[in-house]
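Here's a quick tour of a few spots worth a look. Have the sequence and the model open as you read.

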Amino acid sequence: MAVETSETAVPPFWLSLPPGFSSLDLDEDPGDRMERTAEILDTVFPTARPEQRLSVVIAAETALQAQLREGAVHVSSCLVRAEDGEPVHGTFTLFVRPQELGPRDTYPDRVAGELAAAWPDADVGVVDLPLGRAALAARDLTASVPGVVWGVPESSVSTVRQLELLIPHPWSPHVLAAVFTTEDLDYWPEWLPLLATAFRGISFHPPRDTSLDDLPPEQWDNIRKAFG
């Protein structure tokens, strides 16, 4: 599945999603979206218990609202079945943030150093992707979940794992941040291959059948260099 985001205030990028990653309509009514998510769960995981489905629907919408408040430009709900048959869920979100990058060739290493200093408990590094080098950080976070979310009087604490990839945009003073979050920490090894596929599917260049006439002139040379 291919997704294109090219709003006027946001430099364009293209995204190819792996199986199980379903892009959300960010303008959709929240109630309609939750109902549709529940229907998808019924189809994909017919044996899931009602409380499992309710948990996923509430967690998905709660996470989405938080991402929207932070300026997300793309959100995918990730619903997959683990090897043991258990349904697991995560959220894959893309942010495009204005930022002065400095020398782009050193940006990933500089940012990785900053993240390692700021988050001493995180796993931080630099990875090579088809679109270039990027800084990567993974860490566990805890958050208080209000009891009203689950229909109980007391709040609870939830632990999530967050993986964040920071990619400098090649021709715009912006950073593309790809963030994956899941509460299903026990299935982290099964998430990693899917995330690698999602990261490799991000591109700042259009598919071959996209006309240069549809793009700003400053991007034409980059496209010609990429495709010859």
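A patch here is built from residues with over 30% relative accessible area and no salt bridge, with like charges joined within 9 Å and nonpolar side chains (Val, Leu, Ile, Met, Phe, Trp, Tyr) within 5 Å. A salt bridge puts a side-chain nitrogen of Lys or Arg within 4 Å of a carboxyl oxygen of Asp or Glu. By that rule, D29, D32, E35 and E39 make up a negative surface patch.

This is a predicted model, where local features need pLDDT of at least 70, side-chain atom pairs count only at pLDDT 80 or more, and totals for chains, interfaces and linings use all residues. Numbering starts from 1 along each chain as its sequence is written, and side-chain values use heavy atoms, with hydrogens and water left out.

Here are four residues with their places in DSSP runs (helices: H or I, at least four residues; strands: E, at least two). Buried means under 20% relative accessible area, exposed over 50%, and partly exposed in between (1.4 Å probe, protein chains only).

| Residue | Element | Relative accessible area |
|---|---|---|
| D32 | helix α1 (residues 30-44) | 44%, partly exposed |
| H89 | strand β5 (residues 87-98) | 9%, buried |
| G132 | strand β7 (residues 132-145) | 24%, partly exposed |
| R200 | helix α5 (residues 188-200) | 49%, partly exposed |

What does H89 touch, leaving aside neighbours within four places in sequence? Its contacts (heavy atoms within 4.5 Å) include V56, L79, D184 and W191.

R200, under the same sequence cut, touches L129 and P130. The C-alpha atoms of R200 and L15 sit 8.9 Å apart, with their positions 185 residues apart along the chain. For G132 and P170, the C-alpha separation is 9.1 Å, at 38 residues apart in sequence.

Technical notes
Areas by Shrake-Rupley, 256 points an atom, 1.4 Å probe, with all protein chains shown as cover. Lys, Arg positive; Asp, Glu negative; His and termini not counted. Charge placed at Lys NZ, Arg CZ, Asp CG, Glu CD.
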